[in-house]
Amino acid sequence: HHVMRRQQQGRQRPNRQGPGPPGVPGLVQRQRAEHSHRHDEHHGAADVLTGRRRAAEILQAGPGAIQILAGVCGQSGLWDGPAGEHDRFIEQLVGLGAEADFVVVDGGNSPTRVARRLWEAASVLLLVTTTELASVLNAYAAVKAIAADVGLPPLWSVVNMAPSREAAEAVHARLALAYRRFLGLSCRFAG
């Protein structure tokens, strides 16, 4: 799972006289320097889940002032822990929203217990699919499996790796129709 956040406009003014290549605000360079030791320590979401670190402590600088909380890919057993760990993790993600324009969580494509809790906490659900039939079916199935148990926030879709905007819009139209017809849900196109 990945969390990304971008500094809110107006919160801190970039020091345009700071170090770094021309056109790169000094604030971004300072953030990279401040977070570089954290990146070297390889802390991530697993540390937040187990209580060893707070989410805000281990954000890593990414491009364009985006900050990233490294994921736990390949550590699926980690999500089998007690609900209290999940609650603490989600609470910290929600807390990041006070300092960020967006907090984006990659919740995977399986309707797991943690995915349900993430969907419950979300203010918007952004489904990412591709034009491949299996990906489209997985996106539909994930929503269907969780929608029966959880009140869903507004639903949006993104079609990744589409060969054209028209192809992406066609995939979205099929998904939106299926959500509306079979689940009574509306879904908006995000790109």
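**The largest pocket and its surroundings**

The lining of the largest pocket holds 20 nonpolar, 8 polar and 2 charged residues. These values come from a predicted model. In all, 30 residues line the pocket. Val104, Val105, Val124, Leu125 and Leu126 lie nearest its centre. The space within the largest pocket is about 1100 Å³.

Several elements contribute to this lining. Three helices are among those that each supply at least two lining residues: α3 (83-96), α4 (113-121) and α5 (133-147). The strands β4 (104-105) and β5 (125-129) do so too.

The chain as a whole contains 6 helices and 7 strands. Their order from the N terminus is β-α-α-β-β-α-β-α-β-α-β-α-β. Of the 191 residues in the chain, 36% are buried. The accessible surface amounts to about 11000 Å². Carbon and sulfur atoms account for 53% of that surface. Among contacts with a separation of 6 or more, 71% join residues 24 or more positions apart.

Ser157 offers a view of one strand. This residue is found in β6, which spans residues 155-159. Ser157 is buried, because its relative accessible area is 0%, and the cut-off for buried is under 20%. Beyond residues up to four places away in sequence, Ser157 touches Leu126 and Leu127. Leu126 is also one of the residues nearest the centre of the largest pocket. Further contacts of Ser157 are made with His172 and with Cys187, Arg188, Phe189, Ala190 and Gly191.

Key:
Residues numbered from 1 in each chain as written. Predicted model: local features only at pLDDT ≥ 70, side-chain atom pairs only at ≥ 80, totals over all residues. Heavy atoms only, no water. 1 Å grid on protein atoms, 1.4 Å probe; cavity = no way out; pocket = protein on both sides within 12 Å on 5 of 7 lines; lining within 4 Å. Points joined across faces, edges and corners; volume = space filled by probe spheres on them. Helix = DSSP H or I, 4+ residues; strand = E, 2+ residues; numbered from the N terminus. Nonpolar A, V, L, I, M, F, W, Y, C, P; charged D, E, K, R; others polar. Buried < 20%, exposed > 50% of the residue type's maximum accessible area, 1.4 Å probe, protein only. Contact = heavy atoms within 4.5 Å. Areas by Shrake-Rupley, 256 points an atom, 1.4 Å probe, with all protein chains shown as cover.
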